[in-house]
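Reader: I should be grateful for a close look at the ligand site of this protein. Please describe the surroundings of the ligand and then the parts of the chain that frame the site.

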Amino acid sequence: MKNYPKIQKLMELGNGILGSRYAILGGAMTWISESNLVSAMSNAGMFGILASGAMNADALKSEIALTQEKTKNNFGVNIIMLNPQLQNLIDVCGERKTSHVILAGGIPDKATIDRIHSYGMQALSFAPTLSVAKRLFKQGIDALILEGNEAGGHVGPLSTMILIQDILLNMKGYPIFIAGGILRGEVIAALHQFGAVGCQLGTVFACCRESIAHKDFKRALLSANGRAATVPVQLDKRFPVAPVRAIENKGTEEFIARQREILAKFDNDDVSMDDGRLSLEHFWAGSLRRAVLEGDVDRGSLMSGQIVEIVREERSISEIIATILQEAEAFLENSSQEDSDCWENGVDVVN
Ligand SMILES: Cc1cc2nc3c(=O)[nH]c(=O)nc-3n(C[C@H](O)[C@H](O)[C@H](O)COP(=O)(O)O)c2cc1C
């Protein structure tokens, strides 16, 4: 295995938290992040994360066991906080001696973080604002992920660049990973220089060779432009809809039609806000399954980030990691060379 001393040095903090060789997290993707992909990621030195989004406690238990058969390395489990079985799913992770739980789709309370810690597992979650980030660290979260709006799947309102400036740069010394619109090693190296302890990538791994996603799903992502990966509109402010980034197709129109249908029922008191929102979540999960597993790229959900703009070929996980490390190392070598060139030429780089 080739060494990349400069970027590996910068990744040390993140590796310490994850127990991995490289501080690159394979973001959980419902239906895609299953035992094959996740174990292959962790075996390649990064940190794979199982997506429990479409699983009940029994299904998660067997998926963790399958993953553990395929890798001895650490991997995490992503749990969506809306899941009514949240506590059961955490217990399953603890009983199976999972190393990390990543809570998504909500802001965890202290009791949930404590429950994860009671099993000796580490708790990670997402933070949308500086005040939430500070609160989560006070409540004992082990690390945070800042995920920008460029990402694929469910997204928050702010871009990665804003989150970096609002949270990362104001919380130096705290363990923070960055996600959303990241692929090139140069950017990953620069994020480490800004104080990030690692990065999370999703879309590129949905399209990698080890991903079980249907070939037509991968092909649709690999040939799409970034501007096609959009977030469908929310029809009514009174009925907030979780924004989801996906490549536009007939499924997008169907989602808007479904929203309209549920809104009409909501107006007639035929459905509650919670049930209506849950039914929209089920719509996404079902249509993502159709696209990912059955290759229905017309009507299924093609969740993906804007990064599809530069994801152009199906590569193996080890090729993706090697390219990232080479780019990061070359960037760090060049920037230290440029600094010393400036000094040799008598240019004061500080002024
Ligand atoms: C198809 C797809 C499904 C996703 N499902 C989930 C999920 O179940 N839970 C979650 O926390 N994030 C989910 N994400 C977000 C990823 O974990 C990751 O944070 C994101 O893809 C990173 O941004 P990128 O797509 O620009 O690389 C999903 C992303 C994609 C593309």
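Author: The account below begins with the ligand and proceeds to the domains and a helix pair in one of the ranges concerned.

The model is predicted: local features need pLDDT of at least 70, side-chain atom pairs count only at pLDDT 80 or more, and totals for chains, interfaces and linings use all residues. Residues are numbered from 1 along each chain as its sequence is written.

The ligand is surrounded by 26 residues, of which the closest are G27, G152, G153, G202 and G305; a residue is near a molecule if its C-beta atom, placed from the backbone, lies within 6 Å of it. Two or more residues of this shell come from each of the elements β9 (198-201) and α10 (203-206). Such elements are DSSP runs numbered from the N terminus, helices being H or I with at least four residues and strands E with at least two. By class, the shell holds 11 nonpolar, 13 polar and two charged residues. Here Ala, Val, Leu, Ile, Met, Phe, Trp, Tyr, Cys and Pro count as nonpolar, Asp, Glu, Lys and Arg as charged, and the others, Gly among them, as polar.

The ligand lies between domain 1 (5-201 + 315-337) and domain 2 (224-306), because both domains give residues to the shell around it. The domain bounds come from an automatic or database domain assignment. Taken over C-alpha atoms, the centres of domain 1 and domain 2 are separated by 25 Å. Their contact takes 14 residues from domain 1 and 16 residues from domain 2, two residues being in contact if their C-beta atoms, placed from the backbone, lie within 7 Å. On the side of domain 1 that touches domain 2 there are six nonpolar, seven polar and one charged residues.

A helix pair may now be considered. Helix α12 (residues 250-267) and helix α13 (residues 273-294) cross at roughly 165 degrees, and their axes come within 10 Å. Axes are lines fitted to C-alpha atoms, for helices over the stretch in contact, and angles run from 0 to 180 degrees between N-to-C directions. The helices α12 and α13 are therefore roughly antiparallel, a term for angles over 145 degrees. The crossing of α12 and α13 is right-handed, meaning that the near helix is turned clockwise from the far one by less than a right angle. Among the residues of α12 that meet α13 are F255, I262 and F266, and those on the α13 side include M273, L280 and F283. The contact of α12 with α13 comprises six nonpolar, five polar and two charged residues.

Definitions and conventions
Angles under 35 degrees count as roughly parallel, over 145 as roughly antiparallel, 65 to 115 as roughly perpendicular and the rest as oblique.
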